Amino acid sequence: MSSPKAPAIPDELDRILRRMRLPYLRKAAPDVLATARAQRWDPAEVLRVLLDEEVTGRASATRRQRRKTANFPTGKTFSSWRPEKSSIPEATQNALSTLEWVGRQENLAVAGPSGTGKSHFVEALAHAAIENDMRVAWFTLETLTTAVGKAKVDGTIARAISKICGCDLIVIDDIGMLPTGQDAAEAFYRITDAAYERRSIAVTSNIHPSGFDSILPKTLATATVDRLLHHAHLVTTKGDSHRLAEALAGKGVIPLN
């Protein structure tokens, strides 16, 4: 048998809470006030619990909005990460997952063959950053080039770069997967230069950063890598593709009946 529903709060109080924009407090108020009456809570405790509901609700809503704004590719977090299957040393995984390096405005470069968990690991770190009240922006080199190129045409490039660098962590994923040119090199340089010693950048690539001049114009590649690696943790992955291994083992799909 379900418990009786708590009585609604008075209309006048409801109007006040709506006007003050306290939606989470207003939603919790009937149950909290009913419990407070039954258990004879101190008024200060009632106020604390109600305000805590509002703070918790706002924080959760902020994280949801930040995940949406970050534009993550897959939603992969540490809940699906298998540290024992990664070629990244577990001590390195643990140290990076503290996110202390983001607080120090240091960078992260993860390089290695396709399918070795680079993007999964960095996306898990990015989700963890949002859970720790940080802002994250996620790009591929192609989407970054498009965003910067559009701002360049609109004459809003300074504003666009400033907005991107308002994030605590800027991720540029899968560098080297597709051919690049001058526009991509310029966009990558602009962000790396603007974020230098002010924000953290994490990149993943199937090419070691020292070889970026093989896919980007040499002058811009050199200047970009110089800034990127000056305060960076460089991690390399190795081994066969996890995706290919699952496919060959028949684990890439749900078996047909």
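Start by selecting Ser200 and Glu106 in this predicted model: the Ser200 side chain reaches the backbone oxygen of Glu106 at 2.6 Å. Stay on Ser200 for a moment. Ser200 sits in strand β4, and its relative accessible area is 0%, so it counts as buried. To see what surrounds Ser200, show Trp101, Val102, Gln105, Glu106, Asn107, Asp168, Leu169 and Ile170; Ser200 touches each of these, leaving aside residues up to four places away in sequence.

Next, widen the selection to the sheet. Five strands make up an open sheet, running β2-β3-β4-β1-β5, and the pairing is parallel. Which strands stand at the edges? Pick 136-140 for β2 and 232-236 for β5: each has a single partner strand, so one side of each is left without a neighbour in the sheet. Look across the strands and you'll find a twist that averages 10 degrees from one strand to the next.

Now zoom in on the β5 edge. Select residues 107-111, which are β1, and keep β5 showing: the two pair in the parallel sense over five bridges. For a particular bridge, click on Val110, whose partner in β5 is Val235.

With the sheet still on screen, add residues 118-131. That's helix α6, which packs on the sheet and touches β1, β2, β3 (169-175) and β4 (200-205). Compare directions while you're there: α6 makes about 160 degrees with β2.

Then move along to a pair of helices, α7 (residues 141-154) and α8 (residues 157-164). Their axes are 7 Å apart, and the helices pack at an angle of about 145 degrees. Which residues in α7 meet α8? Turn on side chains for Leu144, Val148, Ala151 and Lys152 in α7; across from them, in α8, are Ile157, Ala160, Ile161 and Ile164. Colour this contact by class and you get seven nonpolar residues, one charged and no polar.

Finally, zoom out to the whole protein chain. There are 11 helices and five strands in its secondary structure. Along the principal axes, the C-alpha trace spans about 70 × 55 × 35 Å. The radius of gyration is 24 Å, whereas a compact globule of 257 residues would come in near 18 Å. Colour by burial and 38% of the 257 residues show up as buried. One last thing to try is a contact map: of the contacts between residues at least 6 apart in sequence, 80% join residues at least 24 apart.

Key:
Residues numbered from 1 in each chain as written. Heavy atoms only, no water. Axes fitted to C-alpha atoms, helices over the stretch in contact; angles between N-to-C directions. Helix = DSSP H or I, 4+ residues; strand = E, 2+ residues; numbered from the N terminus. Contact = heavy atoms within 4.5 Å. Nonpolar A, V, L, I, M, F, W, Y, C, P; charged D, E, K, R; others polar. Pairing = 2+ DSSP bridges. Buried < 20%, exposed > 50% of the residue type's maximum accessible area, 1.4 Å probe, protein only. Polar contact = N/O pair within 3.5 Å; in protein donor to acceptor, adjacent residues only side chain to side chain. Rg over C-alpha atoms; globule rule 2.2 N^0.38 Å.
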